[in-house]
Amino acid sequence: MKVLLINPPDRNMIISDNPSFIDEERGVNPPLGLLYLAAYLKQNSNHEVEVLDTLVEKIGYERLGEIIGQKSPDIVGITTTTFTLIDVMKTAKIVKSVSDDIKLVLGGPHPSIYPRESASLKEIDFVIAGEGERVFLALINNINNKAVLSTINGLFFKNNGKVIGNAQCDFIDDLDNLPFPARSLTPYRKYNSIIARRNPITTMFTSRGCPFNCSFCDRPHMGRHFRARSYKGVVDEMQECVGMGIKEIFIYDDTFTVDRKRVLDICEEIIRRNLDFSWDIRTRVDTVDAEMLVKLKKAGCERIHYGVEAGTDKILKILNKGTSVKKIKDSFRLTKKVGISTLAYFMIGSPEEKKEDILSTINLMKELNPDYVHITITTPFPSTELYRKAMLEGVIKSDYWREFANNPDQKISSIYWEKEFTREELLDLLSFAYKSFYGRPSFILSNLIKIRSFVDFKRKAKAGFKILSAK
């Protein structure tokens with residue numbers, strides 16, 4: 001059987017009207033979930049597997065049908081988030097226009113939240129809820145046997161017009177048994193990021209699951225049970241990437257530093273092997289310490305992305321962050337002292353937040369002075385505690401994300417937490433926050449000094465213009 005895994009175009013993404021640095025920050029990143037899936041299928045079957053990343057290859061809808069026809073797949077898998085659902089369904093329609101015999105499978109965060117809604121959509125044949133590797137393999141090995149398919153946990157499909165399926169599949173506990181992502185199936189040298197010191201870049205997972213309970217976040221397809229790969233397996237993959245000519249690795253774990261000893265072991269192994277690459281991590285301020293930061297720096301960690309979120313203890317408590325402003329300041333001070341650069345994530349417009357709280361958040365941004373900030377308006381996303389709270393308190397009048405999941409052709413825009421402020425007020429405050437941080441002469445001067453090339457200048461100038469010209 002020939003399997004084609006597609007990362008669809010994102011030209012029609014549901015995007016909030018936030019002015020945001022994130023579009024430039026993300027650059028073009030590998031579709032890591034698809035690459036894990038491809039590697040697993042290749043390791044455990046004789047099926048032919050290809051990956052089509054339309055973003056990095058700059059393939060639009062006008063060429064997509066022709067390319068799918070040339071590849072002539074038996075089954076197509078598409079990675080799906082709620083924010084890309086419009087493009088996913090547009091891609092699905094193109095797949096079915098090539099041949100209605102092609103079986104179409106959705107996987108990823110969105111179908112993990114809305115498996116029955118996703119499976120009921122006309123073009124969709126199968127939906128996988130949860131981690132996809134084992135379920136997808138079982139699906140393609142038994143694709144014509146509905147009796148067997150109905151017993152596979154995490155698989156949903158239509159049978160005589162009715163959606164049938166089982167609960168989300170069991171999580172994979174031993175991640176070391178998974179092969180490394182099949183990066184060679186994509187033009188991996190084309191992946192890049194504006195904040196990378198060196199390109200090409202790649203992304204990487206060293207763990208799955210987040211054990212924390214922030215009210216605004218949910219990872220339905222990965223779960224809350226923290227599962228980590230061994231330090232040796234992590235560094236083996238890093239070494240493979242270096243051998244491929246990759247210069248920087250963005251580690252996409254929700255919280256890389258949950259297991260302190262594992263972090264120190266990874267650093268020691270990188271140092272022992274004398275690997276030459278840069279890397280960055282995402283984590284929390286309450287899971288790092290001075291010894292760990294020194295070791296991270298020595299092992300080549302270039303940057304830490306911290307989820308700060310708010311500038312007052314009151315709002316941090318409401319968001320269930322489990323941190324404090326004091327801890328935030330201490331961790332940023334230690335990180336800067338060892339010479340690791342920082343990116344800080346903030347939100348404004350959270351429940352019970354007043355204007356003085358937002359001004360405190362902006363003041364904290366400037367006091368911490370990270371190399372980059374990413375600011376968003378607090379948005380209740382599907383299946384989060386915040387979404388349930390918004391429904392309960394009438395901030396959201398109907399379960400509009402579920403309605404969208406049932407009918408993704410309808411027009412939709414994200415609803416913020418619009419209880420203390422109006423949407424227009426939140427947008428004005430967001431623009432003010434960005435300009436207050438990025439418009440400082442000291443920040444502009446320090447970044448001019450850091451520019452490495454004309455290409456680097458053009459990319460940063462584009463990002464800066466977007467922020468400073470926003471409403």
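Which residues does Ile375 touch, not counting those up to four places away in sequence? In this predicted model, the partners of Ile375 are Phe346, Ile348, Met365, Leu430, Ala433 and Tyr434. Ile375 is also one of the residues with the most contacts inside the largest nonpolar core, a set of 110 residues. Met238, Ile249, Ile270, Trp279, Leu296 and Phe346 are listed alongside Ile375 in that respect. Helix H17, spanning residues 423–438, gives this core its largest share, 8 residues.

It helps to step back to the whole chain for a moment. The protein has 471 residues, of which 55% count as buried, and its secondary structure comprises 19 helices and 15 strands. Among contacts between residues at least 6 apart in sequence, 74% join residues at least 24 apart. The exposed surface amounts to about 19700 Å², with 51% supplied by carbon and sulfur atoms.

Next comes the sheet. Six strands make up an open sheet with parallel pairing, and their order is S8-S11-S12-S13-S14-S15. At the edges are strand S8 (201–204) and strand S15 (372–377), each of which pairs on one side only. On average, and with direction ignored, neighbouring strands of this sheet are turned by 20° against each other. At one end of the order, S8 pairs with strand S11 (residues 248–251) in the parallel sense, over 4 bridges. Here Thr203 stands opposite Phe250 in S11.

Helices accompany these strands. Helix H13 (residues 325–338) lies across strand S13 (301–309) and strand S14 (341–348), and runs at about 170° to S13. Helix H17 packs on the sheet as well, where H17 touches S14 and S15. The direction of H17 makes about 175° with that of S15.

A second core deserves a look too. Apart from the core of 110 residues lies another, of 33 residues, which includes Val49, Leu137, Leu149 and Leu175. Leu137 is found in helix H7, which covers residues 133–141. Why does Leu137 count as buried? Leu137 has a relative accessible area of 12%, and buried means under 20%, so Leu137 falls in the buried class. Leaving aside neighbours within four places in sequence, Leu137 is in contact with Tyr40, Leu41, Asn44 and Ser45. For one of these partners, Leu41, the distance along the chain is 96 residues, yet the C-alpha atoms of Leu137 and Leu41 are separated by 6.3 Å.

Technical notes: Residues are numbered from 1 along each chain as its sequence is written. This is a predicted model: local features need pLDDT of at least 70, side-chain atom pairs count only at pLDDT 80 or more; totals for chains, interfaces and linings use all residues. Side-chain values use heavy atoms; hydrogens and water are left out. A nonpolar core is a set of buried Ala, Val, Leu, Ile, Met, Phe, Trp, Tyr and Cys residues joined through side-chain atoms within 4.5 Å. Buried means under 20% relative accessible area, exposed over 50%, partly exposed in between (1.4 Å probe, protein chains only). Helices (H or I, at least four residues) and strands (E, at least two) are DSSP runs, numbered from the N terminus. Contact means heavy atoms within 4.5 Å. Accessible areas come from the Shrake-Rupley method with a 1.4 Å probe; for residues, only the protein chains shown count as cover. Two strands pair if DSSP finds at least two bridges between them. Axes are lines fitted to C-alpha atoms, for helices over the stretch in contact, and angles run from 0 to 180 degrees between N-to-C directions.
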